[in-house]
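Visitor: Please take me through one part of this model closely. I would like to follow the sheet strand by strand, and then see what packs around it.

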Amino acid sequence: MKKKELTKEINLRINLNPNYAKRVHEYGFVELESSWGDEASIINNARVSVTDNRINSVSDITEREEKLLYHLLKNNHGTPFESLYFRFRVIAPIFVIRQWIRHRIASYNEFSQRYRTPMDMFYVPEDTDELIMTKDDQKEYIELLEKVYEYNKKALEKSYKRIQDIGVKFYPNPPYSGKNNQHKEYDEFVKPLRARAREIYRNVIPVAGYTDLYWTINFRSLTNFFNLRICPGHTQQEIMDYAIVMKEMCKLKYPILMNTYEKVKNEI
Ligand SMILES: Cc1cc2nc3c(=O)[nH]c(=O)nc-3n(C[C@H](O)[C@H](O)[C@H](O)COP(=O)(O)OP(=O)(O)OC[C@H]3O[C@@H](n4cnc5c(N)ncnc54)[C@H](O)[C@@H]3O)c2cc1C
């Protein structure tokens with residue numbers, strides 16, 4: 001995906017879902033696309049073992065239910081919190097996602113550089129201390145990464161051209177350009193070779209490059225992510241920047257639950 005297309009896609013999502021779609025750094029993005037369940041489903045899951053006294057919705061929550069939520073969180077009664085699910089879309093540098101995917105109790109669907117060409121952007125630290133990265137160091141960093149992307153682009157173009165030429169030689173009759181480029185045998189010959197070329201040349205893409213994924217996770221596992229990834233002095237800044245934005249989205253959507261979670265966390 002090109003910078004321009006990505007910017008368009010992100011702006012569209014922010015317009016459609018302004019409270020739950022946010023930019024992170026220059027090219028990054030996170031959106032809470034969907035969630036299933038709420039404080040009421042957590043309460044009902046917890047109560048099944050002792051009573052049929054269900055509540056119908058969050059508006060039925062009284063001080064009694066709030067106390068129950070607190071008790072469950074405080075005493076690590078985890079499974080009721082597995083009844084609330086979230087699906088986020090995350091566009092982030094590969095080095096961030098490399099840490100992210102260590103959170104195994106979740107589901108992932110990631111953008112493939114085998115089927116699509118790599119996103120042509122990379123992470124540049126915004127406010128690096130001059131002791132760590134001077135302006136000159138940053139210039140060199142950007143030049144090096146730009147060269148890598150240029151190499152990937154040119155190598156793929158050369159490879160595609162060779163594949164196209166040999167394809168035309170084997171299958172000389174069908175039309176080869178525009179929308180008519182739909183010949184079955186030709187496609188069957190060309191597509192795997194182009195995929196193989198992307199598969200090989202993607203190897204030069206640095207961990208500063210961007211990727212795009214869907215992340216589906218339950219509340220129990222999500223709080224484990226927040227606990228581990230919002231920990232100043234321990235957590236890498238870039239993943240923490242994402243986690244903070246996501247936590248704010250959760251607070252907006254589930255204020256009772258998130259206030260209780262914060263209360264318990266502050267008592268530890
Ligand atoms: C500051 C920081 C530094 C780190 N440094 C490193 C590092 O140098 N090298 C490195 O490899 N990783 C490192 N990690 C990753 C870390 O070890 C965890 O893999 C990661 O944080 C995911 O946590 P988790 O296992 O609790 O999450 P999940 O994988 O989502 O698991 C959630 C919970 O499920 C349970 N669980 C999941 N799988 C198993 C299992 N197989 N067996 C038993 N219980 C399981 C555990 O209770 C676990 O807490 C670091 C993490 C942080 C936050």
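**The sheet, strand by strand**

Guide: Start in the sheet, where β2 and strand β3 (residues 85–93) run antiparallel and are joined by seven bridges. Keep in mind that this is a predicted model. One residue to find here is Val-30, whose bridge partner in β3 is Val-90.

Now turn to the other side of Val-30. Opposite this β2 residue stands Lys-22. That brings in strand β1 (residues 21–24), which runs antiparallel to strand β2 (residues 28–36). Four bridges hold this pair together. The two strands, β1 and β2, make a hairpin, with three residues between them. Look at His-25 in the turn: its phi is positive, at about 60°.

Go back to β3 and step to its pairing with strand β5 (residues 210–218). Nine bridges link β3 and β5, again in the antiparallel sense. Use Phe-86 as a marker: its bridge partner in β5 is Ile-217.

Now put the strands together. The sheet is open and has five strands, in the order β1-β2-β3-β5-β4. Its pairing is antiparallel. The edges belong to β1 and β4 (107–110); each has a single partner strand, so one side of each has no neighbour in the sheet. From one strand to the next, the twist averages 20°.

Next, what lies over the sheet? Helix α8 (residues 237–253) lies across β1, β2 and β3. Against β2, α8 runs at about 35°.

Two other places deserve a look. One is the helix pair α5 (residues 135–170) and α6 (residues 184–201). Their axes are 10 Å apart, and the packing angle is about 160°. Roughly antiparallel counts as over 145 degrees, so α5 is roughly antiparallel to α6. The crossing of α5 and α6 is right-handed. On the α5 side, the contact includes Asn-152, Leu-156, Tyr-160, Ile-163 and Phe-170. On the α6 side, Phe-189, Leu-193, Arg-194 and Tyr-201 are among the residues met. By class, the residues of this α5 and α6 contact are eleven nonpolar, three polar and two charged.

The other place is the ligand. Around the ligand you find Arg-102, His-103, Arg-104 and Ile-105. Ser-221, Asn-224, Leu-228, His-234 and Thr-235 are also around it. This shell divides into five polar, two charged and two nonpolar residues.

Note on methods: Residues are numbered from 1 along each chain as its sequence is written. This is a predicted model: local features need pLDDT of at least 70, side-chain atom pairs count only at pLDDT 80 or more; totals for chains, interfaces and linings use all residues. Axes are lines fitted to C-alpha atoms, for helices over the stretch in contact, and angles run from 0 to 180 degrees between N-to-C directions. Angles under 35 degrees count as roughly parallel, over 145 as roughly antiparallel, 65 to 115 as roughly perpendicular and the rest as oblique. A crossing is left-handed if the near helix is turned anticlockwise from the far one by less than a right angle, and right-handed if clockwise. Two residues are in contact if their C-beta atoms, placed from the backbone, lie within 7 Å. Ala, Val, Leu, Ile, Met, Phe, Trp, Tyr, Cys and Pro count as nonpolar, Asp, Glu, Lys and Arg as charged, and the others, Gly among them, as polar. A residue is near a molecule or strand if its C-beta atom, placed from the backbone, lies within 6 Å of it. Two strands pair if DSSP finds at least two bridges between them.
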